[in-house]
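Biologist: I should be grateful for a close look at a single part of this model. Please describe how that part is arranged and what packs on it.

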Number of protein chains: 2
Amino acid sequence: MTQAVRHDSMRARNLGVVLSEVRRSGPVTRAALAEITGLTKTTVSKMVGDLIAAGMVTETGTLRDGERGRPGTTLALSGERVAALGLEINVDYLSVCVVDLTLTVRLRYAQAVDNRACTPLETLTHLRKLIHRAVDEARTAGLVIAGSALAVPGPVDGGLLHSAPNLGWRDVRVGDLLDGLPVEAGGKFPVEVENEANLAALGELWFGSGPDDFLHVSGEIGIGAGLVVGGTLFRGARGLAGELGHVIVTPDGPACRCGGRGCLEQYAGQEALLRTAGLDLPPSPATGLDLSASSTAGLDLPPSSAPGALPPAAPGAGPGGSPALAELVRRLQEGDAAALLACERAGDALGIALTSAINLLDPGTIVLGGVFAPLFPWISSPARAALADRLGAMRRAVPELAVSRLGADAAALGAAGSVLQRVIADPGGHMTTGRRGPGPR
Amino acid sequence: MTQAVRHDSMRARNLGVVLSEVRRSGPVTRAALAEITGLTKTTVSKMVGDLIAAGMVTETGTLRDGERGRPGTTLALSGERVAALGLEINVDYLSVCVVDLTLTVRLRYAQAVDNRACTPLETLTHLRKLIHRAVDEARTAGLVIAGSALAVPGPVDGGLLHSAPNLGWRDVRVGDLLDGLPVEAGGKFPVEVENEANLAALGELWFGSGPDDFLHVSGEIGIGAGLVVGGTLFRGARGLAGELGHVIVTPDGPACRCGGRGCLEQYAGQEALLRTAGLDLPPSPATGLDLSASSTAGLDLPPSSAPGALPPAAPGAGPGGSPALAELVRRLQEGDAAALLACERAGDALGIALTSAINLLDPGTIVLGGVFAPLFPWISSPARAALADRLGAMRRAVPELAVSRLGADAAALGAAGSVLQRVIADPGGHMTTGRRGPGPR
């Protein structure tokens with residue numbers, strides 16, 4: 001019994017080692033895998049056989065081994081079977097994506113929903129409909145969903161969403177609520193719940209063009225940030241780090257939904273921006289499910305498209321792209337004075353909060369995402385000016401501001417990516433519990 | 001040759017494994033060390049023999065091994081030979097300590113010097129005199145200095161002190177300057193240079209009573225902070241994290257020496273505090289070396305005193321305890337209105353900056369050190385009130401404020417501790433390069 005357990009755990013470990021190395025080094029031969037990992041050729045061949053059978057690895061061609069002159073079959077990750085579901089609930093939209101093991105985005109849906117007008121259960125009912133549609137399409141494409149992760153706009157600790165002030169939610173076990181909703185077409189998926197800003201930073205790391213050291217700023221109705229240092233997300237003592245939106249810009253400033261005053265969100269959040277620009281439109285109510293009208297599109301990207309090759313977020317057209325935001329971008333392009341002033345003020349406030357953040361966190365570059373991506377041309381200059389003014393004398397180099405190519409998609413992509421990371425680290429766990437779709441195409 | 005190199009590196013590794021385990025588990029027998037480390041008894045005996053010869057380990061008694069019934073000799077770290085020198089240059093004082101391998105503080109000197117009135121070379125000349133005295137005393141006690149580390153009040157990157165705005169220093173290679181000064185009695189020591197706030201946090205971790213997750217705030221003329229998460233210092237991308245003193249309290253506030261405006265230091269730094277309290281005394285000029293008058297004392301603590309057993313910093317009597325600070329504490333105790341107002345304002349500003357820091361860093365507890373230690377009774381209440389007011393609604397638990405038991409000693413202790421960490425991780429390196437003192441007592 002002990003022997004069997006030991007054997008199982010060694011097999012699980014070896015599967016993870018081999019699959020991780022295929023990702024890192026692929027296309028790669030079995031012989032090279034044995035050399036790199038230190039495993040015997042027999043073990044590598046057995047593991048590779050299992051991974052091919054599980055649809056995680058595929059043979060891509062042959063490579064002549066320089067030293068021995070014998071051609072070997074090359075292996076790479078397969079995007080044909082295993083995929084993950086990335087989900088996001090934000091204040092004014094829902095977003096779902098399916099990403100396969102090669103980190104290729106297979107489809108993305110988003111829907112504008114004013115979740116402030118919804119109870120958690122209502123929001124999750126809307127989300128479930130999006131999930132059904134995504135899962136159905138994934139199955140049709142022969143994909144098996146290995147798991148899912150959900151991004152929420154507030155600090156999460158042990159699965160509990162403490163507080164999403166912009167939604168008016170408090171102490172909600174979102175994952176449990178979603179688990180309680182059977183997904184008709186595909187049974188139930190395990191759902192990991194995590195802070196939106198943390199997952200957006202990981203999305204930027206895995207799908208963006210960013211380096212290994214950056215602070216990703218998610219500008220939505222709320223503002224969050226995720227710090228990546230040396231390729232690893234910094235989470236703080238309880239996973240609550242990165243709440244840039246509640247860094248204080250002016251201590252006696254306007255009241256914030258968090259209970260504080262003068263927080264960055266009150267100056268540079270989407271609502272503050274629109275209000276200053278004279279675009280204080282009433283939020284669109286929840287409109288049921290009209291994907292054809294409100295989704296950004298079901299993008300069935302070809303499996304060969306490289307990660308990071310997504311087009312830049314179109315102005316005002318990301319998942320968070322409300323009609324009011326699109327209108328703001330239009331007015332900015334036309335040189336509207338109120339719109340320009342709104343971005344000037346928001347950018348200055350962002351520069352003040354980032355000054356505090358840079359002093360505390362010492363990030364590499366700063367990547368502006370969410371609605372700050374389409375607004376980057378107008379928001380980045382005042383933010384840069386504030387940083388240079390306040391940090392330039394003490395630091396020899398002020399961190400650069402860069403625009404996210406993912407915009408508001410980052411969090412859902414990061415959610416899917418975090419599931420795939422776990423699959424690659426422990427493929428065995430997902431072979432045994434994964435439900436099969438209609439099989440490989 | 002390759003064989004010999006491999007053997008040397010394996011011996012170096014094994015020495016580190018054995019010494020680390022003696023520290024963690026001591027008093028511990030050779031048999032137990034073999035069991036815990038997985039090394040053979042022969043290897044353990046050889047390594048222990050070398051460590052005893054190097055004065056790093058000592059036999060402390062016998063312990064009957066329950067299972068086999070044979071008594072074994074117990075081993076523990078020895079504080080009799082190897083020690084480290086911890087140094088600090090701060091704005092208005094210099095500080096030197098000698099700590100032995102058991103983390104027992106063997107002596108501490110501090111001197112009030114207004115380093116703002118000094119060139120780097122002048123300051124380092126003062127420091128060298130303190131070093132001479134400390135090294136001489138350490139030698140007399142039979143100690144060998146394995147190395148030293150120097151805390152400086154500003155961000156350090158690769159040995160270069162970028163900027164110490166409160167000293168008016170910029171781009172100074174402090175270590176090189178100190179290396180260039182021969183230490184008469186004892187040759188030269190390698191000197192690692194590191195930010196004061198980072199070393200103070202490590203001092204709190206190793207010598208204080210703190211947990212493994214905390215933000216240590218060093219209140220001096222400047223204010224810095226060091227974040228420890230899971231027992232590890234968070235350094236950011238370039239080691240420049242934790243500059244709490246330049247977190248913005250009011251964006252249009254008073255100009256700061258860093259080039260910014262409205263930084264925390266302008267509200268809660270020692271000078272701002274004294275000024276508000278009506279104690280804006282001129283800084284004491286550099287007075288040469290009069291240790292008997294200005295040092296806190298050469299504390300020759302008995303080697304048996306446990307780490308963390310230092311008495312709490314006496315009000316106004318730490319290394320940074322200028323006469324003005326002692327006077328401030330006296331006035332606070334008497335209920336002087338201006339003094340109380342100064343602490344009220346500083347505490348409120350500290351609470352505002354810590355709100356931003358907690359939102360970004362998610363620390364465990366917050367430990368107030370430096371001059372905030374003697375001022376804790378008066379500064380902590382307004383700071384706590386600001387935190388509860390601004391964070392209470394969103395976070396279920398606002399981090400607690402605790403007082404540092406080390407006060408302004410933390411940085412020099414952390415400096416010595418960081419050297420000893422390196423010795424324990426690689427004792428072999430310090431056996432070959434370490435100069436011997438007069439030998440064991």
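Modeller: Two strands are taken to pair if DSSP finds at least two bridges between them. The model is a predicted one, and the part I have chosen is an open sheet of 5 strands in chain A. Read across the sheet, the strand order is β6-β5-β4-β7-β11 of chain A, and the pairing is mixed. The edges are formed by β6 (105-112) and β11 (191-195) of chain A, each of which pairs on one side only. From one strand to the next, the twist averages 15°.

At one edge, the partner of β11(A) is strand β7 of chain A, residues 144-152. These two strands run in the parallel sense and are joined over 5 bridges. Within this pair, A:Ala151 stands opposite A:Glu194, a residue of β11(A).

Two helices of chain A may now be added to the picture. Helix α4(A), residues 120-140, packs on the sheet and touches β4 (82-89), β5 (93-100), β6 and β7 of chain A. Its direction makes about 25° with that of β5(A). Helix α6(A), residues 196-207, likewise packs on the sheet. The strands touched by α6(A) are β4, β5, β6, β7 and β11 of chain A, and the direction of α6(A) makes about 100° with that of β11(A). The edge strand β6(A) is thus among the strands touched by α4(A) and also among those touched by α6(A).

How values were computed:
Residues are numbered from 1 along each chain as its sequence is written. Chains are lettered from A and ligands numbered from 1 in the order in which they are written. This is a predicted model: local features need pLDDT of at least 70, side-chain atom pairs count only at pLDDT 80 or more; totals for chains, interfaces and linings use all residues. Side-chain values use heavy atoms; hydrogens and water are left out. Helices (H or I, at least four residues) and strands (E, at least two) are DSSP runs, numbered from the N terminus. Axes are lines fitted to C-alpha atoms, for helices over the stretch in contact, and angles run from 0 to 180 degrees between N-to-C directions. Contact means heavy atoms within 4.5 Å.
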